[in-house]
Amino acid sequence: MKRQTLHFLTLSLILFLSASCSPKTPPDPNQQIRQSVAATLAAIPTATPIPPSTPYPSPTPFNLAGLFCEYSFCIGHPTDMAFFDVSAQQNPAAPSTFSQGLLAAFNGNLFIQVMWQTAPGASDPKFLLDTIIDTAIDTRDGNMDVMLIRNMNVMYTQITSTATPLLPFGGSGAWTCGDRVFAWKAYTPQAEASRPLFEEALRRFTCDQ
């Protein structure tokens, strides 16, 4: 009886150790992006909204004189905003690189997100557009625009979002450049503010191929 009991305890210990040493399921990258964006939006300071003087307030002007240049590409952005590395914030040991990355910038009137990854031979950027648009909080609004801009295949769509009540509108786009695909998303206070913002950001975009 004692031998059977000892055998059972030994077998139980082996099973426990085997379970504790088994490989863990890797984290879902989309879930990591969603959590990071949610944390970023939560950091946006809230303010008492000012009642508009007219039923149709004019679009918030954004000055894209700023230029972010790193990871072998440049992209325009408003001067009062600075991109930070979301990937490094999630895991300091795995920051953004030439091959893939995720950036974000925000203030009380605007949220911008940029992501990219290598995809040699890819001519359709839709897969990354589908990644950056979070279906849990973002809804596509209207038709998808498909364009060829400076030999880059470009897609753009308007969106609405429940991410923050301060920025209920926005837009998202994606494009190819060399062996990489890029995606961009913005949350804005007015629906008409996002398209000019995307066009100006893309107009100033360059990448090493």
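Rings of Phe, Tyr and Trp (for Trp, the six-membered ring) count as a pair if their centres lie within 6.5 Å, and planes over 60 degrees apart make the pair edge-to-face. The structure here is a predicted model, and the rule gives 16 aromatic pairs in it.

**Exercise 1.** Work out how the rings of W175 and F205 are arranged, and where the two residues sit.

*Solution.* Start with the distance: the ring centres are 5.3 Å apart, inside the 6.5 Å limit. Next, take the planes: they stand at 80 degrees, so the pair is edge-to-face. Now place the residues. W175 belongs to strand β8 (residues 169-177), while F205 is in the loop between α5 (194-203) and β10 (206-207). That puts them 30 residues apart, so the pair links distant parts of the chain. Finally, check burial, for which the cut-off is under 20% relative accessible area. W175 comes out at 1%, buried, and F205 at 0%, buried too. Both also belong to one aromatic cluster, whose members include F68, Y71, W116 and W184.

**Exercise 2.** Find the edge strands of the open sheet that contains β8.

*Solution.* Write out the order of the seven strands: β3-β4-β5-β9-β8-β7-β6, with antiparallel pairing. Then look at the ends: β3 (84-85) and β6 (138-149) each have a single partner strand, so one side of each lacks a neighbour in the sheet. For β3, that partner is β4 (residues 100-107), joined over two bridges; D85 is bridged to L103 there.

**Exercise 3.** Which strands does α5 lie across?

*Solution.* Go through the list: β5 (110-118), β6, β7 (152-161), β8 and β9 (180-188). For direction, α5 runs at about 150 degrees to β7.

Methods: Residues are numbered from 1 along each chain as its sequence is written. This is a predicted model: local features need pLDDT of at least 70, side-chain atom pairs count only at pLDDT 80 or more; totals for chains, interfaces and linings use all residues. Side-chain values use heavy atoms; hydrogens and water are left out. Helices (H or I, at least four residues) and strands (E, at least two) are DSSP runs, numbered from the N terminus. Buried means under 20% relative accessible area, exposed over 50%, partly exposed in between (1.4 Å probe, protein chains only). Two strands pair if DSSP finds at least two bridges between them. Contact means heavy atoms within 4.5 Å. Axes are lines fitted to C-alpha atoms, for helices over the stretch in contact, and angles run from 0 to 180 degrees between N-to-C directions.
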